[in-house]
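Biologist: I would like a close look at a single part of this protein, set out step by step for a first-year student. Please take the sheet and then show how the rest of the chain relates to that part.

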Amino acid sequence: MRPLQHALPGALAEILRAAPLSDGKVTCAWMAAVGPALGRATAVKLERRVLIVETTSPQWSREIMRSSRVILGRLQRFLGSDAVETIEVRRA
């Protein structure tokens, strides 16, 4: 038997992939991919498979750029491999 915390990411990924692509779905996937601290410091929108991430500080921008490969993999798991191709970071 697997602990619940190990099953939730897989269940969330299945639910998100099944839902139509929307701003809310992208935001939910972003929050799940990066966690609450980074989620509060950013705003996201998806434009033609490019996830635009606006940050509140240069430090958060650097953290996202440094972790972009991991974040992108998580987003693709939640949204589908063809939903997001790249992440572009901007300062708000």
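Modeller: What follows goes from the whole chain to the strands, and from there to the helices.

The model is predicted. It has 5 helices and 3 strands, and along the sequence these come in the order α-α-α-β-β-α-α-β. Of the 92 residues, 34% are buried. The protein exposes about 6000 Å², and carbon and sulfur atoms supply 55% of that area. Contacts can also be sorted by how far apart the two residues are in sequence. Among contacts between residues at least 6 apart, 56% join residues at least 24 apart.

Now to the strands. Strand 1 covers residues 42-47 and pairs with strand 2 in the antiparallel sense, over 6 bridges. Two pairs show how the strands are set against each other: Thr42 stands opposite Thr55 in strand 2, and Val44 stands opposite Val53 in strand 2. Strand 2 also pairs with strand 3, residues 86-91, but here the sense is parallel, again over 6 bridges. One bridge of this second pairing joins Ile52 to Glu88 in strand 3. Strand 2 thus has a partner in strand 1 and another in strand 3. In a regular strand, side chains alternate between the two faces of the sheet.

The turn between strand 1 and strand 2 deserves a look of its own. These strands form a hairpin with 2 residues between them. Arg48 lies in this loop, and so does Arg49. Most residues other than glycine have a negative phi. Arg48 is not a glycine, yet has a positive phi of about 50°. Arg49, also not a glycine, has a positive phi of about 70°. The two residues fall in separate classes of accessibility: Arg48 has a relative accessible area of 76% and is exposed, because the cut-off for that class is over 50%. Arg49, at 42%, is partly exposed.

At the other end of the hairpin is Thr55, which belongs to strand 2, residues 50-55. Is Thr55 buried or exposed? Its relative accessible area is 1%, so Thr55 counts as buried, the limit being under 20%. The residues that Thr55 touches, leaving out those up to four places away in sequence, are Ala41, Thr42, Trp60, Ser61, Ile64, Val89, Arg90, Arg91 and Ala92. This list includes Thr42, the residue that stands opposite Thr55 in the strand pairing.

Thr55 also has a polar partner further along the chain. A polar atom of its side chain lies 3.2 Å from the backbone oxygen of Ser57. Ser57 is in the loop between strand 2 and helix 4, which runs over 58-66. With a relative accessibility of 13%, Ser57 is buried as well. The side chain of Ser57 makes a polar contact of 3.2 Å with the side chain of Gln59. Ser57 therefore takes part in a contact through its backbone oxygen and in another through its side chain.

Two of the helices can be described in the same way. Helix 2 holds the 12 residues 23-34; at 1.5 Å a residue it should span 16 Å, and its end C-alpha atoms are 16 Å apart, which agrees. Its buried residues are Lys25, Val26, Ala29, Trp30, Ala33 and Val34. Viewed down the axis of helix 2, they fall within an arc of 145°, so they line one face of the helix. An α-helix has 3.6 residues a turn, so residues three or four places apart point the same way. Helix 2 is followed by Gly35, with a positive phi near 90°.

Helix 5, residues 68-79, also has 12 residues; the expected span is 16 Å, and the end C-alpha atoms are 16 Å apart, in agreement. Buried in helix 5 are Ile71, Leu72, Leu75, Phe78 and Leu79. These cover an arc of only 125° around the axis, which puts them on the same side of helix 5. Just after this helix, Gly80 takes a positive phi of about 110°.

One pair of residues links the descriptions of these helices. Val70 is in helix 5, and with a relative accessible area of 47% it is partly exposed. Its C-alpha atom is separated by 8.8 Å from that of Ala33, although the two residues are 37 residues apart along the chain. Ala33 is one of the buried residues of helix 2.

Notes
Residues are numbered from 1 along each chain as its sequence is written. This is a predicted model: local features need pLDDT of at least 70, side-chain atom pairs count only at pLDDT 80 or more; totals for chains, interfaces and linings use all residues. Side-chain values use heavy atoms; hydrogens and water are left out. Helices (H or I, at least four residues) and strands (E, at least two) are DSSP runs, numbered from the N terminus. The expected span of a helix is 1.5 Å times one less than its number of residues. Buried means under 20% relative accessible area, exposed over 50%, partly exposed in between (1.4 Å probe, protein chains only). The arc is that of the directions from the helix axis to the C-beta atoms. Contact means heavy atoms within 4.5 Å. Accessible areas come from the Shrake-Rupley method with a 1.4 Å probe; for residues, only the protein chains shown count as cover. A polar contact is a pair of N or O atoms within 3.5 Å; within protein, one must be able to donate a hydrogen and the other to accept it, and residues adjacent in sequence count only if both atoms are side-chain atoms. Two strands pair if DSSP finds at least two bridges between them.
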